[in-house]
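Hi everyone, thanks for coming. I'd like to walk you through one model today, so let's put it up on the screen.

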Amino acid sequence: SENNMGYKKIEHYDEECTKSLSSNYKEVIENLGEDPSREGLLKTPERVAKAMQFLTQGYDQNPQEILKSAMFAEKYDEMVIVKNIEVYSLCEHHMLPFFGKCHIAYIPNGHIVGLSKFPRMVDAFSRRLQVQERLTDQIRDCLDETLNPQGIAVCIEAKHLCMQMRGVQKQNSITTTSAFSGVFMEEDITRQEFMSLVKGLTR
């Protein structure tokens, strides 16, 4: 189903895409030495095809329109923090998940945004093939361009299965990225206030 606010939730799947992906995943299963005709794997190619369409639905969503759908004129000019937004994405290098929390702060400059739009905007960027560094910058830039605030701060803390399941296999590694603009970039005290609040929120 689709609405006029620049985002949609996948409730049905493109038949041609599902058919093509299913065929590809069946071949992958065979190449890995498994039997795609056995009962447990019979429907796996189609399930994975649909799962991948769901996990990459952000390509069909417009993060700026999500924010614009709930922008309001408001004189409030103190820091607004939206904490612990769940992030689920796919690393573009190995197509393995990375997941964690995103914290966003902004200082309004005449406009605020409905708080429920922040998780939806984050989803629109994270439901793509990503790297955490770019994802962090994209969230900042989208907020900056849409809201034109006094400043933006974004912090993402995530675990990467490409590190935990393969490669160095470090089970407790957490990657932290941050991006700033405006007063958060210019004023150390404002940036430090955000980071100290984030550290306190995530203990």
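Before we start, one term: I'll call a residue buried when its relative accessible area is under 20%. And please keep in mind that this is a predicted model.

Let's try that term out straight away. Is Ser-126 buried or exposed? Its relative accessible area is 0%, under the 20% cut-off, so Ser-126 is buried. You'll find this serine in helix H4, which covers residues 117–126. And what does Ser-126 touch, if we leave out residues up to four places away in sequence? The list is Val-87, Tyr-88, Ser-89, Leu-90 and Leu-135.

Now let me step back to the whole chain. The protein has 203 residues, and 39% of them are buried. Its secondary structure comes to eight helices and seven strands. Taken along the principal axes, the C-alpha atoms fill a box of roughly 60 × 45 × 20 Å. If you look at contacts with a separation of 6 or more, 70% of them are between residues 24 or more positions apart.

On to the surface. The protein exposes about 11700 Å², and carbon and sulfur atoms supply 49% of that area. As for charge, there are 24 positive and 29 negative side chains. The centres of those two sets lie 5 Å apart.

The part I most wanted to show you is the aromatic rings. How many aromatic pairs does a search of the whole structure find? Three. Let's zoom in on one of them, Phe-184 with Phe-194. The ring centres are 6.1 Å apart and the planes sit at 75 degrees, so this pair is edge-to-face. The pair links distant parts of the chain, 10 residues apart: Phe-184 belongs to helix H7, residues 183–186, while Phe-194 belongs to helix H8, residues 188–201.

Are these two rings' residues buried or exposed? Phe-184 has a relative accessible area of 0%, so we call Phe-184 buried. Phe-194 also comes out at 0%, and therefore counts as buried.

There is a third phenylalanine to bring in here. Ring pairs link Phe-180, Phe-184 and Phe-194 into a cluster. Phe-180 has a charged partner too: the charged end of Arg-191 sits over its ring, 5.8 Å from the ring centre.

That's my tour, so over to you for questions, and I'm happy to rotate the view back to any of these spots.

Methods:
Residues are numbered from 1 along each chain as its sequence is written. This is a predicted model: local features need pLDDT of at least 70, side-chain atom pairs count only at pLDDT 80 or more; totals for chains, interfaces and linings use all residues. Side-chain values use heavy atoms; hydrogens and water are left out. Rings of Phe, Tyr and Trp (its six-membered ring) pair if their centres lie within 6.5 Å; planes under 30 degrees apart count as stacked, over 60 as edge-to-face and the rest as tilted. Helices (H or I, at least four residues) and strands (E, at least two) are DSSP runs, numbered from the N terminus. Buried means under 20% relative accessible area, exposed over 50%, partly exposed in between (1.4 Å probe, protein chains only). A charge sits over a ring if NZ of Lys or CZ of Arg is within 6 Å of the ring centre and within 35 degrees of the ring normal. Contact means heavy atoms within 4.5 Å. Accessible areas come from the Shrake-Rupley method with a 1.4 Å probe; for residues, only the protein chains shown count as cover. Lys and Arg count as positive and Asp and Glu as negative; His and the chain ends are not counted. The place of a charge is taken as NZ of Lys, CZ of Arg, CG of Asp or CD of Glu.
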